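Biologist: Please pick one part of this model and take me through it closely, including what it packs against and how it is tied in. I'd like one connected account rather than a list.

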Amino acid sequence: MNALFVNLILCFSVYSILGWSLETAFKAVRDRQFVNSGFLYGPFIPIYGFGAIMAIQSLMIIDPLLSHVDPFLAIIIKLALIIVLASLVEYFTAAILECLFKRQWWDYSDGRFHIKGRVSLKYSILWGILGYILLSVIQPLTSLGLSAMPAHLKYFLTVFIVVFLTLDLAKSLYSLWDLQQYLSSLHLWREDRRKVRYIQRNNCSVKTISENESVSSDLEYASCIDDLIIHPLIQMMRQFRHHKNSSCLDHSLNVSYTSFMLCKALGWDYRAAARGGLLHDLFLYDWRTTTLNEGRHGFVHPQIALDNASLIFSLNDLEKDIILKHMFPLTWRPPVFRESLLVCLVDKYCALKEVLGFSASSDNFYFPGVLQNGPC
């Protein structure tokens, strides 16, 4: 794993925990009771981690430029930069959370000099002062501690933190924004699936189904994966248990269908998301019992799946990126496309639901090429 990536993750976690501790202590004193601050269940507030990392990286760039500047002026410039960065992070984080969940985590509208209640001059100056103290005092100590830490311990902590934050994020998102309920509100989930099961029981053909506009979403999804789902190697994925009682095909179809629906709602490339989502775990072995020469399953199976998919299907760059990057951040290379990032997040979401026993079976999905010869 890349040393820079490891150090960034560890710094991010340190400052996220420090931010959580600061806010929790402040609210405990103010409200005279313990209040778990932040969006996540665990002791992390990611906005502090992101803000700190941005400030650290930015100051590393401008420090050489300020080497010949008056020391007092250099402090003012650094302070101003931190204030701007903190304000941007706080504003856009608030905007994204409000857009997704229709609620506010903080509101500065009762004070003066604020922008839509998301940022205020008073708190931006406060964040700037705290940020400067962080960079001048805490960051050198953090860097010293990381330098003294053994490489294997840093690697272990990085993997643990990434897994913990991924599960915590999935749980927090599930409690705030039930993805299945959200899709249902768009009339793209439960009703269509009920109709698809009816179609399967009655062995309808594609032509018959196309006459019913109420299943148009499923027809469009079916057209995206029609040539893939009938391939014997795709059907072989049924043989391998993946998460709890879900087969590899169950999981891949859940990821594919959910990614298709979200990308369609967002106006993104839903065809590539559907195809890449279906092929992302085409590794074709039982990862619980198979020993790989290439390395551990979690780190190498995206490349194996891509190699298998490339042998039998023609893939575009987006579909390749979806397959290869779906295990980020466990594999250190980040997704290049927005659809790849979405499928990566959906993969974690579906895996969590399957582990918790809330998964859908592949029997609930419509496979047009197979269905014409009888239900799956």
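**A close look at α11**

Modeller: Let me set the scene first: residues 24 or more positions apart account for 68% of the chain's contacts with a separation of 6 or more, a contact being heavy atoms within 4.5 Å. Bear in mind that this is a predicted model, where local features need pLDDT of at least 70 and side-chain atom pairs count only at pLDDT 80 or more, while totals for chains, interfaces and linings use all residues. Residues are numbered from 1 along each chain as its sequence is written, and side-chain values use heavy atoms, with hydrogens and water left out.

The chain has 16 helices and two strands; these are DSSP runs numbered from the N terminus, with helices being H or I of at least four residues and strands being E of at least two. Of its 376 residues, 45% are buried, where buried is under 20% relative accessible area, exposed is over 50% and partly exposed is in between, with a 1.4 Å probe and protein chains only.

Now to α11, which covers residues 248-266. Its 19 residues should span 27 Å at 1.5 Å a residue, and the end C-alpha atoms are indeed 27 Å apart, so the two agree; the expected span is 1.5 Å times one less than the number of residues. This helix is mostly covered, too: 16 of the 19 residues are buried.

Look at the way in. Serine 247 sits in the loop between α10 (232-236) and α11, and it counts as buried because its relative accessibility is 9%. Beyond its neighbours within four places in sequence, serine 247 is in contact with Met237, Arg238, Phe240, Arg241 and His242. With methionine 237, the C-alpha to C-alpha distance is 7.0 Å, for a separation of 10 residues in sequence. At the other end, glycine 267 comes just after α11 and takes a positive phi of about 80 degrees.

What does α11 pack into? The largest nonpolar core has 30 residues, and Ile225, Ile234 and Leu279 have the most contacts inside it. By nonpolar core I mean a set of buried Ala, Val, Leu, Ile, Met, Phe, Trp, Tyr and Cys residues joined through side-chain atoms within 4.5 Å. Five helices each supply at least two residues of this core: α9 (216-229), α11, α12 (270-279), α13 (297-312) and α14 (317-325). Of these, α11 gives the most, with six residues. Leucine 279 is a good one to click on: leaving out residues up to four places away in sequence, it touches Leu228, Ile234, Ala305, Ala309, Phe313, Leu315 and Ile323. There's also a second, separate core of 27 residues, with Ile9, Ala55, Leu97 and Leu135 among them. In soluble globular proteins, nonpolar side chains tend to be buried together.

Then come the charged ties. The structure holds six salt bridges, each a side-chain nitrogen of Lys or Arg within 4 Å of a carboxyl oxygen of Asp or Glu. One of them starts on our helix: lysine 264 pairs with glutamate 220, the closest N and O atoms being 2.8 Å apart. Lysine 264 is in α11 and glutamate 220 in α9, so the bridge ties together parts that are 44 residues apart in sequence. Lysine 264 counts as partly exposed because its relative accessibility is 27%, and glutamate 220, at 25%, is also classed as partly exposed.

Two of the other helices lining the core have a tie of their own. Glutamate 319 and arginine 275 meet through their side chains in a salt bridge, 3.4 Å from N to O. Since glutamate 319 lies in α14 and arginine 275 in α12, this pair again links parts that are 44 residues apart in sequence. Both glutamate 319 and arginine 275 are buried.

Further along, glutamate 339 bridges to arginine 338, with the closest N and O atoms 3.7 Å apart. Here glutamate 339 is buried at 7% relative accessibility, whereas arginine 338 is partly exposed at 49%. Back around the core helices, salt bridges with shared partners join Asp227, Arg275 and Glu319 into one network.

That gives you the main picture for this helix: α11 is mostly covered, gives six residues to the largest nonpolar core, and has lysine 264 bridging across to glutamate 220.
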